[in-house]
Amino acid sequence: MTTNSLPHHIADAINQLGQDRSDGPLCCYLFDLEALRNRIRQMSEALPSNVALFYAAKANPMPEILATLAPYVAGFEAASGGELAHLAQQDHHKPLIFGGPGKLESELKTALELGIDAIHVESLTELKHLIRLAKALDCQAPIFLRMNIDIGSITLSKLAMGGRPTPFGLDSDELEHAIALIQQNPCLQLKGFHFHLMSHQLEVDKHLALMKCYFDAVKAWQAQYQLPPLAINLGGGMGINYTQPDQHFDWLNFCERLTQLIQQEGMADTPLRFECGRFISAPCGYYVTEIIDLKRNLGEYFAVCRGGTHHFRTPAAQSHNHPFVIIDGNIQDFSEEKITDELVTLVGQLCTPKDVFSRAQSIAELKIGDYVVFTLAGAYSWNISHQNFLMHPAPKFHYLN
Ligand SMILES: Cc1ncc(COP(=O)(O)O)c(C=O)c1O
């Protein structure tokens, strides 16, 4: 890849940041908040009228990211007590929803005290905790039942949280028991059903088929248990294509066809929600690192970058070669060490062979002091990394607004 693949203002910002040598070679995250704002605005505008878009904070909970998104999202999803406390502290006056397996009673209590919009109940045990808590606090617990269902012939994506046996959600066989508990305990307010069966979905057709599957399941349960009108949280999971970055999930096409599906299925009066993470924030982030060593080892070339997967675990977590752009670092001292037209593996500073960003990449020209800019680094990046391993310093964080 060349500098041309980067927006000009990003390349300019990186060149500018590289001039500061006070902390040694460049190593930072750069977030383009204006790009994030444009993206969330466009995503929201394309939604069918009865669909609300929440942001799954697990993708990137940085305060600057949350503040940029807040005016455009319906609310935020927390997947742990820690995220819930963090979101509450940010105080964006937006509805919060609380999901995730293994919630502690103390966390459920905090959620109720915060006036949570909905708790996504993952099990009968959680439902029983909530009955006790809501009675003790003399309040109603607003809940969505998270369901795992059989999705027949729809194929699973690379990362499936359902549609096969997983620890997530209630089994349809448990629903009768759950509904009975809800009917016997008016302190539980059933607001809807929640599904998140897969992430990394790249195919619109398959995702629409999944949405239809959810609609069918809810309609059947409503008839079977004579339930009142309920909302449906359709989860997140729209994918970013890291290996072919021009082929991400086609959001606009999906929304257009979802509007038709909603009409066909008679769901126009049902409040629907998404809770997307990766698809919203991945494109706004860049992990920028400077090459500090170039070597040939048993016939293969390696470029050692400042930092590593302890800052940016995304490629290791996803087992992919992360897309990147090289910027000429213009540092004269090392120009004679240049590699030209070789396959190079980009690695970090960790003493483990797993510290790889991109393996055997065809690179036209590379030298010590060049910057490697990993794109699509705004989601599941810094916050999923084993940051303390080897006690290297953290990268710097910069925001373009
Ligand atoms: C319950 C739930 N909702 C939403 C998300 C967000 O998924 P994504 O970032 O793929 O949109 C996840 C991701 O793990 C999840 O587990």
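A polar contact here is a pair of N or O atoms within 3.5 Å. This is a predicted model, where local features need pLDDT of at least 70, side-chain atom pairs count only at pLDDT 80 or more, and totals for chains, interfaces and linings use all residues. Residues are numbered from 1 along each chain as its sequence is written, and side-chain values use heavy atoms, with hydrogens and water left out.

**View 1. Backbone contacts to the ligand.** Oxygen atoms of the ligand meet the backbone at R278, where a backbone N or O atom lies 2.8 Å away, and at G237, with a polar backbone atom at 2.8 Å. For G277, the distance from a polar backbone atom to a ligand oxygen is 2.9 Å. The protein buries 91% of the 400 Å² that the ligand exposes when taken alone (accessible areas by the Shrake-Rupley method with a 1.4 Å probe).

**View 2. Neighbours of the ligand.** Look for the 14 residues that surround the ligand, each with a heavy atom within 4 Å of it. The closest are S199, G237, E275, R278 and Y380.

**View 3. Where the largest pocket sits.** Domain 1 (3–31 + 283–400) and domain 2 (95–276) both contribute lining residues, so the largest pocket lies between them. These domain bounds come from an automatic or database domain assignment.

Methods: A polar contact is a pair of N or O atoms within 3.5 Å; within protein, one must be able to donate a hydrogen and the other to accept it, and residues adjacent in sequence count only if both atoms are side-chain atoms.
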